[in-house]
Protein chains: 4
Amino acid sequence: MTADPETRLRADARRNRDQILAAARAIFADHGPDVPMEEIARAAAVGVGTLYRRFPDRESLIREIARENFDRMLSQARAAADEEPTAWAALVRILRHSHELQLSIQLAMLSPMAHAVLQNDPKTEEFRTGLLRTIDEVVRAGQAEGSLRTDIDTGDVAILAAMLLRRVPKGRFTAIADLATDRCTAIMLDGLRAGVGTALPGRPLTADDIEPPGRTTPR
Amino acid sequence: MTADPETRLRADARRNRDQILAAARAIFADHGPDVPMEEIARAAAVGVGTLYRRFPDRESLIREIARENFDRMLSQARAAADEEPTAWAALVRILRHSHELQLSIQLAMLSPMAHAVLQNDPKTEEFRTGLLRTIDEVVRAGQAEGSLRTDIDTGDVAILAAMLLRRVPKGRFTAIADLATDRCTAIMLDGLRAGVGTALPGRPLTADDIEPPGRTTPR
Amino acid sequence: MTADPETRLRADARRNRDQILAAARAIFADHGPDVPMEEIARAAAVGVGTLYRRFPDRESLIREIARENFDRMLSQARAAADEEPTAWAALVRILRHSHELQLSIQLAMLSPMAHAVLQNDPKTEEFRTGLLRTIDEVVRAGQAEGSLRTDIDTGDVAILAAMLLRRVPKGRFTAIADLATDRCTAIMLDGLRAGVGTALPGRPLTADDIEPPGRTTPR
Amino acid sequence: MTADPETRLRADARRNRDQILAAARAIFADHGPDVPMEEIARAAAVGVGTLYRRFPDRESLIREIARENFDRMLSQARAAADEEPTAWAALVRILRHSHELQLSIQLAMLSPMAHAVLQNDPKTEEFRTGLLRTIDEVVRAGQAEGSLRTDIDTGDVAILAAMLLRRVPKGRFTAIADLATDRCTAIMLDGLRAGVGTALPGRPLTADDIEPPGRTTPR
DNA sequence: TATGAATGAGGATTCATTCAT
DNA sequence: GATGAATGAATCCTCATTCAT
């Protein structure tokens, strides 16, 4: 029975692992996950060999980055739900954790490569389920307390967040990227507020619309 | 004096060219512009050689797709601005031309590759300028008529649209993609409505924030 | 029994054929025979199709160019041998026909492609034999009359000419190319003059060293 | 501070690099520098990838081959100028280093591809200048000592050497190639000897005719 | 264990040749 | 018969992954 991979490593090996993850995190957030492995190794100041020893292929690296991030994201969302006085405040806090959330969304929903990799990864499932459940909770509470419009559902909120929080490719808009994200988030929140809206087309999108029960296995 | 490249082609060549453009349009919209050229050729049911005869490299194909799309997009926006009774209705109509607009946004703002290619392409400039000017017009009119909130500007609208209308990678959400886009657009519009909003952070983003005057230089 | 290909052609077809040959001659002399076929067609102001109708592949074009040139070259050499008062004068005249001779040498000895094509082409054989026989004649006469050094033979003269008369690639030396060729030829002739030389290494190279009897079929 | 690229390489990498250079040297000398990279790799018994790791593109391989060769060639020429008792002996020795000199000439003067690559390569410049200066020295000394004809100059010698020492394409003349080269060189030297010559056309060609001062700019 | 070298498959592009108009 | 379009094989180069040191 080996323990957590994170645990039983010699100090230097551990340091390498951490450098690799940090480098990959930064690069993935900026350019998405399809950069040359050598570039990641270089940014981590290790050889490719070392990178491949720690993560046998690109997929496993992506998977690890995703897990870390998902973990953090989920606990932040839980904390928001538990600690904020109103559901609305919780929603605002969740949606404004934009940096962490951005990477989550990159990985969970946007990059086709990451998406393919994470398909059927149990840890990802766990995260997705957990996060959706938390949002679900907040959404219902918000509607109950009268702060959130009632013609929407969890799926709407998740998709809206996913769309808004994708990182705009670096190089363009760099100067105003953060401000733009904040303003868009705020506008979105205004659009979600109870009582303001016109009728929406279709029907509320639920958590199941995003994670259809029994979707599963490709190939 | 040769006419439009589209015009003076033998019937079969013309058909192939159209098939190529159609294939590329579809593939670009779904996966962005960095798919193998062979795949595009296969989708168009021609050999690679034919693809390269029409478009000497990937860039020129991207450029052509972009121009077509930009042309259509711009004239639709102009028509909306000119024909709709209120500025608000014009804005709604523009933002709901989502299919065309989605590809525009992919090409003009999102894909790093497309972005690199279109840098300094005069036709693209023309489009960007024209479209921004049209939105500008609609935004001011909307604020004047009291339908659009006054703490935003053209840049906010453009960025918001860019973020919302990016296509979610196929394979995920396919079933509800269109509905989701429509609902998100509607929620965004509600958030833009005058009188509903809380205070936004920062300052209104203008057209110049997106297209800083005298940007140009690549690399 | 069909007549000469040159003979039974409609006027326009004939004109095309001539344009193609002229274009190919010029291009081959400057850049050697491995330029794109399209370029030759363009220079001849015909479509590739026409080029291929006249010359079913690159080889047959090369072959035709070579034959023409060889014919001219051979008759010039014969004329020199027959008309000049001394053997030395004939040799000088032959070696100074540099333009025609340059192309001959490009084709017969230098371009690997042309060389491969002309292997075993009967017309080439005929030319080579004829030219060597003529030089042979002149060489023996020159040695008999005491103008040409006696420790050389026909093969030496042919190889020396081949080396000196290769065209230097265009672009470099363009300005002085012709002068340089003339001066080198003159120096070479001085080196061939009777009585001046130091001992040469090895043995005289004969015509057979160049065209070993019964060499024939490759592959 | 890293040492020579040749120095700090793992033993096996070093061996591969040497094999690649040896293979390229041989192939370039015989066929010029535009052979498929795969063929070079095969001849060196490595994969293409390895070839490209060492030399990121064809150009850098050509450059390296050229530098090596130029270095050797230049020091041989200097040694000849310094060590031989007479200028004439030095000239003879220089022009007879034919193998090394052949490759130098292929690269420096003949192959259009190599020529393009070496344009503006400082090391090449250095070589060309150095070699021409050395020949210049020898030429003047030879004319002063009365062994070399006085109606020529450095440019004539360089061009003559360039023309004579081009390798004849393999496959033809293989048997007698070396003998032919030696004999032609000897005849050329006889033609350069003082006192023997008829008047040459034009004017002496100087080093500057070959390397016009301030030529540089490509394209 | 860390490193960086080696490998080869895959994607871009060119061009000789064939074929529909 | 002329044209220029279509095809696909060949070549360049990159990068994921494996392996020797």
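This section describes the salt bridges and the protein surface near two DNA strands in a predicted model.

Across all chains, 56 salt bridges were counted. In chain B, Asp18(B) pairs with Arg14(B), with 3.5 Å between the closest N and O atoms. These two residues are four positions apart in helix H1 (residues 11-31) of chain B, and are therefore separated by about one helical turn. Asp18(B) is partly exposed, at a relative accessible area of 32%, and Arg14(B) is also partly exposed, at 29%.

A second salt bridge in chain B joins Arg78(B) to Glu137(B), where the closest N and O atoms are 3.3 Å apart. Arg78(B) belongs to helix H4 (residues 58-83) and Glu137(B) to helix H8 (residues 122-145) of chain B, so this pair ties together parts that are 59 residues apart in sequence. The relative accessible area of Arg78(B) is 29%, which places the residue in the partly exposed class. Glu137(B) is likewise partly exposed, with a value of 40%. Chain B also contains a network of salt bridges that links Arg25(B), Glu68(B), Arg72(B) and Glu100(B).

In chain C, a salt bridge is formed by Asp151(C) and Arg149(C), with a separation of 2.9 Å between the closest N and O atoms. Asp151(C) is partly exposed, at 26% relative accessibility, whereas Arg149(C) is buried, at 4%. The assignment of Arg149(C) follows because buried means under 20% relative accessible area.

DNA strand E is surrounded by 34 residues, of which the closest are Arg53(A), Tyr52(B), Arg58(B), Asn16(D) and Arg53(D). Of the atoms of DNA strand E that come within 4 Å of the protein, 65% belong to sugar and phosphate. Chain A provides contacts to both phosphate and base. A polar side-chain atom of Arg53(A) is 2.5 Å from a phosphate oxygen of DNA strand E, and a polar side-chain atom of Asn16(A) is 3.3 Å from a phosphate oxygen of this strand. At Gly49(A), a polar backbone atom lies 3.3 Å from a base nitrogen of DNA strand E. Two or more residues of the surface near DNA strand E come from each of helix H1 (11-31) and helix H3 (48-54) of chain A, helix H3 (48-54) of chain B, and helix H1 (11-31) and helix H3 (48-54) of chain D. H3(A) contributes the largest share, five residues. By class, this surface comprises 14 nonpolar, eight polar and twelve charged residues.

DNA strand F is surrounded by 34 residues, and Asn16(B), Thr50(B), Arg53(B), Arg53(C) and Arg58(D) are the closest. Sugar and phosphate make up 68% of the atoms of DNA strand F that come within 4 Å of the protein. Contacts to phosphate oxygens of DNA strand F include a polar side-chain atom of Tyr52(A) at 3.2 Å and a polar side-chain atom of Arg54(C) at 3.2 Å. In chain B, an N or O atom in the side chain of Arg54(B) is 3.3 Å from a sugar or linking oxygen of DNA strand F. H1 and H3 of chain B, together with helix H1 (11-31) and helix H3 (48-54) of chain C, each give at least two residues to the surface near DNA strand F. H3(C) gives the most, with five residues. The surface near DNA strand F has 13 nonpolar, eight polar and 13 charged residues.

Terms used: Residues are numbered from 1 along each chain as its sequence is written. Chains are lettered from A and ligands numbered from 1 in the order in which they are written. This is a predicted model: local features need pLDDT of at least 70, side-chain atom pairs count only at pLDDT 80 or more; totals for chains, interfaces and linings use all residues. Side-chain values use heavy atoms; hydrogens and water are left out. A salt bridge is a side-chain nitrogen of Lys or Arg within 4 Å of a carboxyl oxygen of Asp or Glu. Buried means under 20% relative accessible area, exposed over 50%, partly exposed in between (1.4 Å probe, protein chains only). A residue is near a molecule or strand if one of its heavy atoms lies within 4 Å of it. A polar contact is a pair of N or O atoms within 3.5 Å; within protein, one must be able to donate a hydrogen and the other to accept it, and residues adjacent in sequence count only if both atoms are side-chain atoms. Ala, Val, Leu, Ile, Met, Phe, Trp, Tyr, Cys and Pro count as nonpolar, Asp, Glu, Lys and Arg as charged, and the others, Gly among them, as polar.
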